[in-house]
Amino acid sequence: MTSLMPITPQSPPLPDDAQIIGEDVSHAEAVEALNALSFGPGRFAKSAYKLRRNNPAVLAYNRVCMLNGRLIGAVCFSRIRIGSTPALLLGPLAVHPEFKNKGIGLALMRDGMAAAKANGEALVVLVGDAPYYARAGFVPVPRGQMIMPGPVDYGRLLACELVSGSLEPARGAMRPDPR
Ligand SMILES: CC(C)(COP(=O)(O)OP(=O)(O)OC[C@H]1O[C@@H](n2cnc3c(N)ncnc32)[C@H](O)[C@@H]1OP(=O)(O)O)[C@@H](O)C(=O)NCCC(=O)NCCS
């Protein structure tokens, strides 16, 4: 069973004055600039991006990290279906290089996922580095269970159950689920 992990005593403290808040439309430009800095133009070619195209992010779960009026981190969530099962796709997640390793990435994910869980969402998936995302409760998706809409390293396809037992029935092709 996977579960949303609480912030542990091992989580480093956020920088003084840094705040994790909900994203709103006023943050859009700074979020896009941070993603461009972090991922470059290649981000649009990724299979995960095919699930985000024409699929508006869920602002209620998106989070940004602000430090003295400057946006230094952001995480986005989009709605997808895996077969017929609704789920959230996490990403992009980015923290400005000046502020890495201060717990911001984990804090952004945990805050956004806590809001999603409180709103009844059951499952979050992403494509990313398993050793990092394991810290937020993600586990590898069993090979063959889900099919991305393009080439992907399936060893990097990860899931986190917000509701226990939600991963097993989520099977099949992944597609955008804009609302
Ligand atoms: C990956 C990223 C979001 C991490 O954000 P962050 O705020 O620096 O991370 P945190 O402070 O929450 O966690 C830092 C810890 O995770 C580890 N970590 C960071 N990236 C990791 C990775 N890819 N694999 C394994 N461990 C990683 C760090 O070494 C550090 O470990 P420590 O606590 O033992 O010192 C950030 O480095 C980033 O924006 N990178 C560029 C964009 C990117 O790759 N995004 C993720 C796409 S999969």
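Strand S5 is joined to strand S8, residues 157-161, by five bridges, and the two strands run antiparallel. Within this pairing, Val124 stands opposite Cys160 of S8. The model described here is a predicted one, and its confidence is a helpful thing to know at the outset: the mean pLDDT of the chain is 93, with 93% of the residues reaching 70 or more. A little caution is in order for residues 1-9, where pLDDT stays under 50. For that stretch the model has 19 contacts beyond four places in sequence.

S5 also has a partner in strand S4. Two bridges join S4 to S5, and here the strands run parallel. In S5, Val125 has Leu89 standing opposite. The link between S4 and S5 involves a helix as well, since S4, H3 and S5 make a right-handed β-α-β unit. S5 is thus antiparallel to S8 and parallel to S4.

How much of S5 is buried? The strand is mostly covered, with five of its five residues buried. This holds for both faces: Leu123, Val125 and Val127 are buried on one side, while Val124 and Leu126 are buried on the other. Val124, already met opposite Cys160, and Val125, met opposite Leu89, therefore belong to opposite faces of S5, because the two sides are made up of separate sets of residues.Leu123 offers a closer look at this setting. The residue lies in strand S5, which spans residues 123-127. Why does Leu123 count as buried? Leu123 has 22 C-beta neighbours inside 10 Å, and a residue is buried if 20 or more other C-beta atoms lie within that distance. Leaving aside neighbours within four places in sequence, Leu123 is in contact with Ala87, Ala159, Glu161, Leu162, Ser166, Leu167 and Ala170. Ala36, by comparison, is 87 residues from Leu123 in sequence and 27 Å away in space, C-alpha to C-alpha.

The surroundings of the ligand complete the picture. The ligand is surrounded by 15 residues, and the closest are Lys100, Gly105, Leu106, Gly128 and Tyr132. Which elements each supply at least two residues of this shell? They are strand S4 (85-95), helix H3 (104-118) and helix H4 (130-133). S4 and H3 are also parts of the β-α-β unit that includes S5. By class, the shell around the ligand holds seven nonpolar, five polar and three charged residues.

Key. Residues are numbered from 1 along each chain as its sequence is written. This is a predicted model: local features need pLDDT of at least 70, side-chain atom pairs count only at pLDDT 80 or more; totals for chains, interfaces and linings use all residues. Helices (H or I, at least four residues) and strands (E, at least two) are DSSP runs, numbered from the N terminus. A residue is buried if 20 or more other C-beta atoms lie within 10 Å of its own, exposed if 12 or fewer, and partly exposed in between; C-beta atoms are placed from the backbone. Two residues are in contact if their C-beta atoms, placed from the backbone, lie within 7 Å. A residue is near a molecule or strand if its C-beta atom, placed from the backbone, lies within 6 Å of it. Ala, Val, Leu, Ile, Met, Phe, Trp, Tyr, Cys and Pro count as nonpolar, Asp, Glu, Lys and Arg as charged, and the others, Gly among them, as polar. Two strands pair if DSSP finds at least two bridges between them. A crossover is right-handed if, with the strands pointing away from the viewer, the path from the first strand over the helix to the second runs clockwise. pLDDT is the predictor's confidence in each residue, from 0 to 100.
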